[in-house]
Amino acid sequence: MATKILVTGGTGYIGSHTTVELQKAGYEVVIIDNLSNSSIEVLDGIEAITGIRPAFVQGDVCCIETLRRLFNEHPGIKGIINFAASKAVGESVEKPLLYYRNNLNSLMNLLECMPEFGVKGIVFSSSCTVYGEPDVNPIDETAPIKPATSPYGNTKQISEEIITDYITSGAPIKSIILRYFNPVGAHPSALIGELPNGVPNNLVPYLTQTAAGIRGQLTVFGDDYDTPDGSCIRDFIDVVDLAKAHVKAMHRMLDKEDTDAIEIFNLGTGRGLSVLELIESFERSTGVKVPYKIGPRRAGDIEKIWAIPDKANTVLGWKAEMPIDDTMRNAWAWQCRLAEKK
Ligand code: WQD
């Protein structure tokens, strides 16, 4: 019988791509999502790619009664991947309580339900943001955790601590914490991708919307950083590669007896790319020019950060494989498909 997995936030950007990879690997997926930042049509995309429509519960993970009902109606869930969270850095500064409530209550509800319903493990979506501005690059999982620069970042740090404290207290569960670098791109089928609400904050959706003529011009936030071309450096990781890491993590957590109860992995490519290099990659791979100008630095930005992904490579047996030009082509194909649907 297929192992049943609960994917919270499963109609969202990373959640939908991970649901596809879980189903392809033979897992049975139940999604819970309140559709606050995603659309029900994402289920059609998942079904078109995999031939399987995942079970779907529209509801809020912040409501423990909703969760208990879900676990009763879908008995036998063995693992959880927790994507359900608010993730806009700027918004978190304006609405801190919303972020602490959404991101922490949901996690604590899941943790509380796990022993009650016999769920063995939880994969948690964390972020390289926990490292702040690193003293040296690239960084592995032992790099110091720096004070968070936003309530969003703080929820990721606190979440990691909540999971650690709960397991240390003797809770009969395991967890794998995945620290994502910068997820970008879309499924190569162009059937699922990122659906940003309103004006995008993140670089790639802003870039593809500019290339599509929805935005007049992309602003590169600063070219006076201490980097070779002056723009910030990030570790851009393809969303399908990232999704595949969750399948490896789930397998390790549920099926290997001799692993630690908590493990942490960086998920990145190991390669730092500047904002200007990313724009070049987009233009080279799609043949489409992106109008851009250099603007002032964005408050709170990290100058440069990229990963040492060796632990994920060796222990999880996972490696980011997609060349950045292909990732940019997929992001563009998805943007074009969104335009067609309108
Ligand atoms: C990347 C680079 C910008 C927009 C955030 C979160 C992180 C993670 C991903 C999320 C920066 C520059 C951007 C633009 C630009 N988790 N940029 N013009 O800030 O690295 O990470 O998102 O859910 O936790 O902190 O990502 O895509 O916003 O920016 O020049 O219009 O692109 O300054 O250098 P960031 P980003």
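This is a short dialogue on how to read a predicted model.

Colleague: Start with the sheet. How do strands of a sheet pair?

Modeller: Strands of a sheet pair through backbone hydrogen bonds, and the pairing is either parallel or antiparallel. Here the sheet is open, has seven strands and pairs in parallel. Its strand order is 3-2-1-4-5-6-11.

Colleague: Which strands are the edge strands?

Modeller: Strand 3 (55–58) and strand 11 (262–267). Each of these pairs on one side only.

Colleague: By how many degrees are neighbouring strands of this sheet turned against each other?

Modeller: On average by 20°, with direction ignored.

Colleague: Take one pair inside the sheet. How many bridges join strand 5 to strand 6?

Modeller: Seven. Strand 5 covers residues 121–127 and strand 6 covers residues 174–180. The two run parallel. To see one position of the pairing, find glycine 121, which stands opposite lysine 174 in strand 6.

Colleague: What packs on the sheet?

Modeller: Helix 8 does, residues 239–255. Helix 8 touches strand 1 (4–8), strand 4 (77–82), strand 5, strand 6 and strand 11. For orientation, compare directions: that of helix 8 makes about 160° with that of strand 6.

Colleague: Now the ligand. How many residues surround the ligand, and which are the closest?

Modeller: There are 18 residues around the ligand. The closest are Leu203, Thr219, Phe221, Arg234 and Asp301. Sort the shell by residue class next. It holds eight nonpolar, six polar and four charged residues.

Colleague: Which element gives the largest share of the shell around the ligand?

Modeller: Strand 8, residues 218–221, with four residues.

Colleague: Which side chains should I check for polar atoms by the ligand?

Modeller: Check three. In aspartate 301, a polar side-chain atom lies 2.4 Å from a ligand oxygen. Asparagine 182 also places a polar side-chain atom by an oxygen of the ligand, at 3.0 Å. For tyrosine 152, the partner is a ligand nitrogen, 3.4 Å from an N or O atom of the side chain.

Colleague: How much of the ligand does the protein bury?

Modeller: Begin with the ligand alone, which exposes 700 Å². The protein buries 88% of that.

Colleague: Let me try a single residue. Where is threonine 286?

Modeller: Threonine 286 is in helix 9, which spans residues 275–286. Follow its side chain. The side chain of threonine 286 reaches the backbone oxygen of phenylalanine 282 at 2.7 Å. A polar atom of that side chain also lies 3.1 Å from the backbone nitrogen of valine 288.

Colleague: What does threonine 286 touch, not counting residues up to four places away in sequence?

Modeller: Met328, Arg329 and Trp332.

Colleague: Last, the backbone. Which peptide bond is cis?

Modeller: The bond from asparagine 137 to proline 138 is cis, with omega near -10°. Proline 138 sits in the loop between strand 5 and helix 6 (151–168).

Colleague: And phi? Where is leucine 35, and what is its phi?

Modeller: Leucine 35 has phi near 60°, a positive value in a residue other than glycine. Look for leucine 35 in the loop between strand 2 (28–33) and helix 2 (42–50). Alanine 190 also has a positive phi, near 60°. Its loop runs between strand 7 (182–184) and helix 7 (203–211).

Note on methods:
Residues are numbered from 1 along each chain as its sequence is written. This is a predicted model: local features need pLDDT of at least 70, side-chain atom pairs count only at pLDDT 80 or more; totals for chains, interfaces and linings use all residues. Side-chain values use heavy atoms; hydrogens and water are left out. A polar contact is a pair of N or O atoms within 3.5 Å; within protein, one must be able to donate a hydrogen and the other to accept it, and residues adjacent in sequence count only if both atoms are side-chain atoms. Contact means heavy atoms within 4.5 Å. Two strands pair if DSSP finds at least two bridges between them. Axes are lines fitted to C-alpha atoms, for helices over the stretch in contact, and angles run from 0 to 180 degrees between N-to-C directions. A residue is near a molecule or strand if one of its heavy atoms lies within 4 Å of it. Accessible areas come from the Shrake-Rupley method with a 1.4 Å probe; for residues, only the protein chains shown count as cover. Ala, Val, Leu, Ile, Met, Phe, Trp, Tyr, Cys and Pro count as nonpolar, Asp, Glu, Lys and Arg as charged, and the others, Gly among them, as polar.
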